[in-house]
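Biologist: Please take a close look at how the strands are paired here. Once that is clear, go on to the pockets.

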Amino acid sequence: MLKSFPAVSSPTQQNPKQTMGREDLAREALILLRNRLCNPRFVFSPFAHSPDSNYSKLKFIVSSSVTEASNNSVLLLGPRGCSKNAVLELVIEEVLKEYPDTISVIKLNGLLHSDDNCALKEIARQLCMEHQLLFSKMASFDDNTQFMISMLKESGLAHKTVIFLLDEFDLFAQGKQRLLYSLLDAMQSLTSQAVVIGVSSRLDADQLLEKRVRSRFSHRKLLFLPPSKEDLQRLLKHILELPTESSLPHDYVSEFNSSLLNILADERFKQLIDTLTTSDSTCSHLLKFLFSAVSHMNVETGLLSIDNFKAALASIQRQPKLECLNDCSILELYILVCMRRLEVKEQDSYNFNSVMKEYKSIHDSFQTSDYYSLNVCLRAFEHLLARELISFMDHRGHNQSIEFRPVKLLISYHELYQGLKSYRSCPAILQKLIDREG
């Protein structure tokens, strides 16, 4: 009688992920996290489903303009780094997928096309490319304007919507604003079908418009702000948590996510985030910070740690001017403090000679041992100019001697205070003086 034995799986039949080393798992997790951080669609997906999010509002405006054959204009306003362009690109990409044959997108940037003639020429060029027409470089402003108006009418009759994306919108609002007037005026026609979306970091961008332009603008505005503390927590968890349904082993994913949740709840981590957002609370700054933290992850442990986030914060908040101060001589520090004292005294214009008078008054008042000759002080002054810790007020007076040219500080009080505090052999009198000026 033959006995049956349980089948023994050979090494080749085992799940390769189960036999994968810890370092290999960590590297695969790193690739996944970095891909997420570089993918705006994934980063902002938690807010896409909320009806109150700017993503939903902007998509509704654009989609309704396409489906209802109406003209619209809207401004996206907010500080730089608050994901205005990222959200706009996601909305345009989504709408192009939904209505692939009924939308044309024209992109302009105020840094490149603030000149009206240049902007209209670029609009004509992109319209010609879109409709496979010949573009004339010699066409005048009026010719390009008429061409744009006729193309908007033709697009409207063909039930096609033209979307104009105007980045750095406030730069288009300079001068006579002929481009904005021509564009918005053409949209008043019943046959045209277009959407104008302006993006600007100036919250008063709509107030820059002339009366004739403003009367043709729909006055829709979407305000983009840095994420709140609640949104920040959602973002951190959404971006850094590994998916349970992935090629990574379930045990590793559970351990990684458990460790991550402990870090997010740690008071030290919350202090790090507070420090980060105090200087810059925008989404782009947060993503740079997270990318740096993930890159510091130890592949041997395969887990994120609080030290990774500390290292990321130190690297992202590197201050070159403070590093320059650490390389300065004692005399150079005296000169910087003297210049700060002159500014506090509201002395609008001062030069090397003024600084030396202040330096002498400090020496006479406190009888310091750090007193140097005028020639040595001048060399230290020139060294500060070369290190760009100070500079001349203007570029006039090249033929004038350095001692008489007006100068100014290029570092703030806070930077100077921190620099003196971290300087190993900083004289106590300098600390005392800078404390007074605070």
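Modeller: Two strands count as a pair if DSSP finds at least two bridges between them. The model is a predicted one. In this model, strand S3, residues 161–167, and strand S4, residues 194–200, are joined by six bridges and run parallel. Within this pair, Phe164 of the one strand stands opposite Val196 in S4. Both strands belong to an open sheet of five, with parallel pairing and the order S2-S3-S4-S1-S5. At its edges are strand S2 (103–109) and strand S5 (220–223), each of which pairs on one side only. On average, neighbouring strands of the sheet are turned by 20 degrees against each other, direction ignored.

Now the pockets. Rolling a probe the size of a water molecule over the atoms shows where empty space is left. The largest pocket holds about 370 Å³ of space. It is lined by 18 residues, and the closest to its centre are Phe47, Ser53, Asn54, Leu225 and Asp231. Helix H5 (54–67) and helix H13 (229–240) are the elements that each give two or more residues to this lining. By class, the lining has twelve nonpolar residues, five polar and one charged.

The second largest pocket has about 210 Å³ of space. Among the residues that line it are Pro227, Lys229, Leu232, Lys270, Asp274 and Ser281. Here H13 and helix H15 (267–279) are the elements that give two or more residues, and H15 gives the most, with four. This lining divides into three nonpolar, four polar and three charged residues.

Key:
Residues are numbered from 1 along each chain as its sequence is written. This is a predicted model: local features need pLDDT of at least 70, side-chain atom pairs count only at pLDDT 80 or more; totals for chains, interfaces and linings use all residues. Side-chain values use heavy atoms; hydrogens and water are left out. Axes are lines fitted to C-alpha atoms, for helices over the stretch in contact, and angles run from 0 to 180 degrees between N-to-C directions. On a 1 Å grid over the protein atoms alone, a cavity is a set of points where a 1.4 Å probe fits but cannot get out, and a pocket is an open set with protein on both sides within 12 Å along at least five of seven lines; lining residues have an atom within 4 Å of a point. Grid points are joined across faces, edges and corners, and a volume is the space filled by probe spheres set on the points. Ala, Val, Leu, Ile, Met, Phe, Trp, Tyr, Cys and Pro count as nonpolar, Asp, Glu, Lys and Arg as charged, and the others, Gly among them, as polar.
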